[in-house]
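Welcome, and thanks for joining this tour. Please open your viewer and keep the selection tool handy.

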Amino acid sequence: MAERNVRWGILATGGIAAAFAADLVDLPDAEIVAVASRRREPAEAFAERFGVARAYGDWESLAADPEVDVVYVATPHSAHRAAAGLCLEAGRNVLCEKPFTLNLREAEDLVALAREHDRFLMEAMWMYCNPLIRRLKALVEDGAIGEVRTVQADFGLAGPFPSGHRLRDPALGGGALLDLGVYPVSFAQLLLGEPDGITASAVLSEEGVDLQTGALLSWESGALAALHCSIAGGTAVTASVTGTRGRIDVPSGFFHPDRFVLHRDGRDPEEFAADPADGPRTSLRHEAKEVMRALRAGEKESPLVPLEGTLAVMRTLDAVRERIGVRYPGDAATATARAAV
């Protein structure tokens, strides 16, 4: 693979799939060779838009395509277990959109399948691959602000979203937590690891999904993370990390920043800005490049987005849902399937 382009298949044709494909076509060592949808018409339209050779009207054909090196799964997260599992069982490597799955059990199933079939698997947590986020993490690890004491992060959309919208549909894993809250949780756990304590409260919709959720995570080190997500009001979408000797502030759009400011005790603030060569802040190229790097190196998971870290985030999301009383039909279906094995 090191001597040729990495050949991608795109599973699903929605907005995030189109955004990812647009970034892929700008990478000289990437090639989109196939796209699949549940219906042929949207697959063919997507293929024409991005110059893709093969369009499939079912997922199975894409999973079975021997010319596909890796599949990007861009379905709603309620279908991630089925779509990514199908591809792994067919011998394809997989980059699966976030949130990785509906729940921890489904995530564990996918990790087990990847290891059983010796395939690469990664959650598309593009924040972890962002060069500025990587720089922020390195500064924290190097002790630039001392020991981390607090992390604050929020992600809210103004809405309102009507009752028929996917964000309000329990069958599609609706609510603020999985779609938006995964970013604050992942940001906190990137810096502090899996929490030792979790408390949470939420406002639920009439359908039973969370309109907004607040969570307080705690660690035995004494660190705390105050996190918030909402589909009932637009928030600042900022983050801050405070340590014993300073603070890092990340402005709006913290999960794909164009800059952040380091405040060290006794020093002037230092601003770290994105390199224009890295492309626009909304670019998904960094996660694609990390997948291709790992595939060429023969790695089965990425050190930037390790599978154990993905499972740890899913454990936290499950725990928060348990505390706020949000249940999805897919939770019961997964439990039933596991019990039957």
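Which glycine in the hairpin of β13 and β14 takes a positive phi? Keep that in mind while we take in the whole chain; the answer comes at the last stop. Please remember throughout that this is a predicted model.

**Stop 1: the whole protein**

Show everything as a cartoon. The protein has eleven helices and 14 strands. Its radius of gyration is 20 Å, close to the 20 Å that the globule rule gives for 341 residues, so the protein is as compact as a globular protein of that length. Along the principal axes, the C-alpha atoms fill a box of roughly 60 × 45 × 40 Å.

Now switch on the surface. About 14000 Å² is exposed, and carbon and sulfur atoms supply 50% of that area. Of the 341 residues, 53% count as buried. If you display contacts between residues at least 6 apart in sequence, 66% of them join residues at least 24 apart.

**Stop 2: the parallel sheet**

Next, select β1 to β6. These six strands form an open sheet with parallel pairing, and the order across it is β3-β2-β1-β4-β5-β6. At the edges you will find β3 (54-56) and β6, each of which pairs on one side only. Turn the view and follow the twist, which averages 25° from one strand to the next.

Zoom in on β5 and β6, which run parallel and are joined by four bridges. Here valine 94 stands opposite leucine 121 in β6. Add helix α9 (residues 285-297) to the selection: this helix packs on the sheet and touches β1, β2 (30-36), β4, β5 and β6. The direction of α9 makes about 130° with that of β1.

**Stop 3: helix α4**

Select residues 80-89, which make up helix α4, and show their side chains. Which residues of this helix are buried? They are His80, Ala83, Ala84, Gly85, Cys87 and Leu88. An α-helix has 3.6 residues a turn, so residues three or four places apart point the same way.

Now bring in the neighbors. The buried residues of α4 pack against four strands and two helices that you can color one by one: β1 (6-11), β4 (70-73), β5 (93-97) and β6 (121-124), together with α3 (59-64) and α5 (104-116). Then step along the chain to glycine 91, which follows α4 and has a positive phi near 90°.

**Stop 4: strand β11 and its partners**

Move on to β11 (residues 239-243). Four of its five residues are buried, so this strand is largely enclosed by the rest of the structure. Select β7 (residues 148-156) as well: β7 and β11 run antiparallel and are joined by five bridges. Across this pair, alanine 153 stands opposite alanine 239 in β11.

Then add β12 (residues 246-250), which is joined to β11 by five bridges and runs antiparallel to it. Alanine 239 turns up again here, standing opposite valine 250 in β12. β11 and β12 form a hairpin with two residues between them.

**Stop 5: back to the opening question**

Finally, select β13 (residues 259-264) and β14 (residues 270-273). This pair is antiparallel, with four bridges. Phenylalanine 260 stands opposite phenylalanine 272 in β14. Five residues lie between the two strands of the hairpin, and the glycine we were looking for is glycine 266, with a positive phi near 80°.

Notes: Residues numbered from 1 in each chain as written. Predicted model: local features only at pLDDT ≥ 70, side-chain atom pairs only at ≥ 80, totals over all residues. Heavy atoms only, no water. Buried < 20%, exposed > 50% of the residue type's maximum accessible area, 1.4 Å probe, protein only. Contact = heavy atoms within 4.5 Å. Pairing = 2+ DSSP bridges. Axes fitted to C-alpha atoms, helices over the stretch in contact; angles between N-to-C directions. Rg over C-alpha atoms; globule rule 2.2 N^0.38 Å. Areas by Shrake-Rupley, 256 points an atom, 1.4 Å probe, with all protein chains shown as cover.
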